[in-house]
Amino acid sequence: MAATTRLLILDDDPLTGQTIANIAIMAGVEARYVDEPAAFFQQVKDWQPDFIALDLVMPRMDGVQVMVELARLGCHAEIIISSGVGGRVLDAAARSAAEHGLNIAGVLAKPFSPARLRALLKDEGAADTPSTAMPTVAELTTASDSDISHQDLQTALDRKQITLVYQPKINCRTGLLAGFEALARWHHPDYGPVGPDRFIPLAERYGLIDALTESVMVQGLRWLSQLPLQLDDAAEFDYLRRRLRDITLSINISASSLNNIDLFERMNEYCQSMGIRPERLIFELTESCAMEDPISSLDILTRLRMKGFHLSIDDFGTGYSSMLQLARLPFSEIKIDKSFVMTAAGSKESRTVIKTIIDLGHGLGLYTSAEGIESDEALEYLRSIGCDLAQGYAIARPMPAEAVLDWLREGQLSDESRRLQVLHSLNILDTPPDERFDRITRLAARLFRVPIALFTLVDSNRQWFKSSLGLDVTETARDISFCTHAIEQEDVMVIPDATQNPAFKNNPLVLQDPNIRFYAGCPVHADTGSRLGTLCLIDREPREFSRHDEAILRHAAQMIENELTADFLAHVDPLTNMLNRRGFDSRAQEALSLCHDADLQACLFLLDLVNFKAFNQQHGPAAGDRALIEFSRLLRETFRGSDLIARYGDDDFVILMVDIDPLGPQAALRRLRTIARAIEQPHPFSYNAGWALLESGDDSVQQLVLRASDRMHSEDRH
Ligand code: C2E
Ligand code: CA
Ligand code: CA
């Protein structure tokens with residue numbers, strides 16, 4: 001090794017600094033060591049080192065700031081990043097240094113190995129400069145930076161060789177498409193593909209970055225505005241086409257472009273001319289880029305936000321920025337760096353960092369986004385800890401425009417078409433009203449005292465009401481329906497006052513009949529998990545809806561789900577068309593747990609026809625059947641539509657009334673007696689009646705049936 005090789009070491013720990021210096025000197029390198037930035041930059045200028053060893057994590061100074069400053073000075077020295085932190089973090093830091101245009105020789109992790117340092121100083125370490133598990137485009141290309149001239153890049157821009165690929169970003173919770181990130185690609189006719197990790201820093205160095213950014217913006221905007229029109233005209237794409245008018249596009253912005261006010265002014269004009277709301281654009285800035293000059297960043301970023309653009313902090317976690325500064329800047333999204341996400345499965349530290357960033361982001365009112373999701377497990381993990389948005393190879397790789405269309409048609413869309421397929425396979429659309437569902441909407445309307453309760457099914461272009469209480473239409477258009485929004489959510493959607501909600505206040509269902517003010521809808525799933533529609537409540541007055549209310553509504557929606565999957569034929573008595581014992585037991589159990597949860601009173605009645613066998617013998621089985629049918633009609637007339645009524649045995653009937661006041665049982669029995677008396681003879685309608693009110697200890701239907709039966713034998717005969 002030439003004795004003239006010079007290594008400058010900055011480390012605020014003298015022992016570490018001296019150790020590195022000693023190893024270097026033994027390897028025949030001239031080494032100097034400093035422990036604070038002022039002396040360091042003086043040496044950089046005066047001594048012109050070939051190599052710089054830099055500790056990134058120093059208690060008394062910010063290693064990243066030092067790198068930024070080195071980049072600003074146009075430092076050409078090879079940088080060796082040294083630190084005691086984990087290799088992944090070092091790698092990520094090295095990548096961000098490379099993005100600043102610094103030459104990175106490699107990473108020297110603790111404990112320091114003399115062989116590794118010697119290798120780095122001989123520039124043999126270049127082969128293992130930081131890289132992600134997957135080789136990037138940059139690493140696959142053969143051209144070295146020195147081959148790519150200013151003219152090369154200028155020509156690439158002039159000849160529009162720089163194109164875009166788009167990587168989707170999905171909502172973690174619903175799995176639905178939220179937007180795309182535009183990523184630049186360069187296919188050089190001689191050099192082949194050159195990765196953005198290479199040409200972006202060069203564009204920055206050659207002063208071509210603003211032109212590049214503008215080209216990216218224009219291409220991206222045009223693509224976004226055309227996207228919905230590219231889909232076939234088929235009706236099954238209607239819904240997707242509409243959604244594509246709302247998705248976002250993320251564009252990466254280099255630090256140096258941030259100061260170019262004209263660029264963003266033009267961006268605004270492009271948006272207008274292409275009919276794209278600025279709110280749909282997200283500018284991604286790296287953490288260090290925004291922090292480079294926090295004061296002027298604040299001005300510029302605020303101005304951008306005021307135009308409506310959204311701002312995202314990219315690669316978050318690699319820049320060691322001050323949380324306070326962060327909180328002051330008007331970001332709307334925080335994007336967790338992929339180095340943490342990619343290692344989440346195997347590294348507790350990464351998981352801690354991710355969780356901390358998500359909590360921080362939510363604490364600051366920001367959306368949290370994770371990139372580098374390479375497995376379904378990683379996606380599930382992020383979802384489970386509340387991350388909002390997800391991006392990564394497991395969802396889709398960055399794709400050229402045509403491939404996006406295929407991906408949309410097949411993948412994302414197939415969620416919707418699968419949903420529609422399941423819905424259609426139930427053969428439930430356009431069928432007559434069904435008591436099984438009507439009972440539940442009645443119950444819901446009753447429990448919440450709302451005038452309108454619906455079980456809706458969201459079809460491709462309409463929402464159709466399988467059960468509708470308080471509305472006399474059978475369907476409405478999907479694009480104005482509230483439920484189409486509700487089924488995008490996993491949980492209850494509540495609109496306390498639609499006239500106060502920007503998304504709904506101009507909706508025709510709000511402005512005109514039925515004049516919706518309050519809406520609460522809970523998704524109803526098929527057993528495949530597809531969201532078919534909702535159980536929803538509507539009021540013409542604004543209302544609050546508590547967590548407790550949500551829990552009850554969820555419960556009622558589950559009742560509908562159970563009805564959808566129940567083997568109904570096995571649950572019905574063919575003679576009276578009432579539930580049989582099996583049908584009653586499962587539904588009553590459900591209703592009781594609702595009562596326990598919602599703190600509602602319930603009463604179970606048991607009615608036993610007296611001398612039915614004798615009647616049968618005397619008048620024949622056909623008359624017996626007629627009598628049973630007649631008695632069941634009587635029960636339906638007496639009890640409420642929200643009650644469960646069943647033929648429990650040959651001549652036993654059982655009724656469960658939910659939400660009944662303590663005097664209710666007697667009133668119901670009186671009513672039954674009155675109606676029964678009015679019926680002409682002959683009939684066997686002399687019956688024993690017993691009832692039992694739900695008590696806190698009751699956990700099975702059988703307990704109630706037993707108590708009702710005990711009571712029956714002590715009661716008078718009716
Ligand atoms: P970035 O903004 O952090 O972009 C995300 C990078 O992660 C992309 O690399 C993407 O292909 C990659 N990626 C996405 N999902 C995964 C995954 O699951 N695993 C792994 N290992 N990687 C994933 P790409 O396209 O090579 O871009 C690299 C960087 O170049 C970008 O990092 C961004 O900083 C910069 N860049 C790209 N396009 C532009 C641009 O138009 N303008 C500017 N200023 N910078 C750009
Ligand atoms: Ca980005
Ligand atoms: Ca990133």
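Trainee: Is Glu181 buried or exposed in this model?
Mentor: The model is a predicted one, and in it Glu181 belongs to strand S9, which covers residues 177–188. Since buried means under 20% relative accessible area, the value of 4% computed for Glu181 settles the matter, and the residue counts as buried.

Trainee: Which residues coordinate the calcium ion (ligand 2)?
Mentor: Along the chain the donors of this ion follow the spacing E-x70-N-x31-E-x29-D. The coordinating atoms lie at 2.1 to 2.3 Å from the calcium ion (ligand 2), and they are supplied by Glu181 (OE), Asn252 (OD1), Glu284 (OE) and Asp314 (OD).

Trainee: How many residues apart in sequence are the parts that Glu181 and Glu284 tie together?
Mentor: Both glutamates coordinate the calcium ion (ligand 2), and Glu284, at 1% relative accessibility, counts as buried. Glu181 lies in strand S9 (residues 177–188) whereas Glu284 lies in strand S12 (residues 281–286), so the parts that the pair ties together are separated in sequence by 103 residues.

Trainee: Which residues coordinate the calcium ion (ligand 3)?
Mentor: The donor residues of the calcium ion (ligand 3) show the sequence spacing D-D-x55-E. Coordination takes place at 2.1 to 2.6 Å, and Glu371 is listed twice through OE, alongside one OD entry for each aspartate, which gives the residues Asp314, Asp315 and Glu371.

Trainee: Which residue coordinates both the calcium ion (ligand 2) and the calcium ion (ligand 3)?
Mentor: The two calcium ions, ligand 2 and ligand 3, are 4.0 Å apart. Asp315, a donor to the calcium ion (ligand 3), is buried with a relative accessible area of 11%, and the residue that bridges the two ions is likewise buried, at 6%. That bridging residue is Asp314.

Trainee: Where does Asp337 lie, and how far in space is its C-alpha from that of Ala370?
Mentor: Asp337 sits in the loop between strand S14 (333–336) and helix H15 (338–341), and with a relative accessible area of 4% Asp337 is buried. In sequence Asp337 and Ala370 are 33 residues apart, while in space the distance from C-alpha to C-alpha is 7.0 Å.

Trainee: Why is the packing of helix H2 against helix H3 described as roughly parallel?
Mentor: Helix H2 (residues 37–47) and helix H3 (residues 63–72) pack with their axes 12 Å apart, at an angle of about 25°. Because angles under 35 degrees count as roughly parallel, that value makes the arrangement of H2 and H3 roughly parallel.

Trainee: How many nonpolar residues make the contact of H2 with H3?
Mentor: H2 passes H3 in a right-handed crossing. The contact draws on Phe40, Phe41 and Val44 from H2, and on Val66, Glu69 and Leu70 from H3. Sorted by class, the contact has one charged residue and no polar ones, and the number of nonpolar residues is five.

Trainee: Which residues does Thr5 touch, not counting residues up to four places away in sequence?
Mentor: Thr5 is found in the segment before strand S1 (6–10), and Thr5 is buried, with a relative accessible area of 12%. With residues up to four places away in sequence left out, the residues that Thr5 touches are Val29, Glu30, Asp50 and Phe51.

Trainee: What percentage of the residues of the protein count as buried?
Mentor: The secondary structure of the protein comes to 27 helices and 26 strands. Among contacts with a separation of 6 or more, residues 24 or more positions apart account for 68%. Of the 718 residues of the protein, the portion that counts as buried is 54%.

Methods. Residues are numbered from 1 along each chain as its sequence is written. Chains are lettered from A and ligands numbered from 1 in the order in which they are written. This is a predicted model: local features need pLDDT of at least 70, side-chain atom pairs count only at pLDDT 80 or more; totals for chains, interfaces and linings use all residues. Side-chain values use heavy atoms; hydrogens and water are left out. Donors are N, O and S atoms within 2.8 Å of the metal (3.2 Å for Na, K and Ca); water is not among the atoms, so sites may look incomplete. Buried means under 20% relative accessible area, exposed over 50%, partly exposed in between (1.4 Å probe, protein chains only). Axes are lines fitted to C-alpha atoms, for helices over the stretch in contact, and angles run from 0 to 180 degrees between N-to-C directions. Helices (H or I, at least four residues) and strands (E, at least two) are DSSP runs, numbered from the N terminus. Angles under 35 degrees count as roughly parallel, over 145 as roughly antiparallel, 65 to 115 as roughly perpendicular and the rest as oblique. A crossing is left-handed if the near helix is turned anticlockwise from the far one by less than a right angle, and right-handed if clockwise. Contact means heavy atoms within 4.5 Å. Ala, Val, Leu, Ile, Met, Phe, Trp, Tyr, Cys and Pro count as nonpolar, Asp, Glu, Lys and Arg as charged, and the others, Gly among them, as polar.
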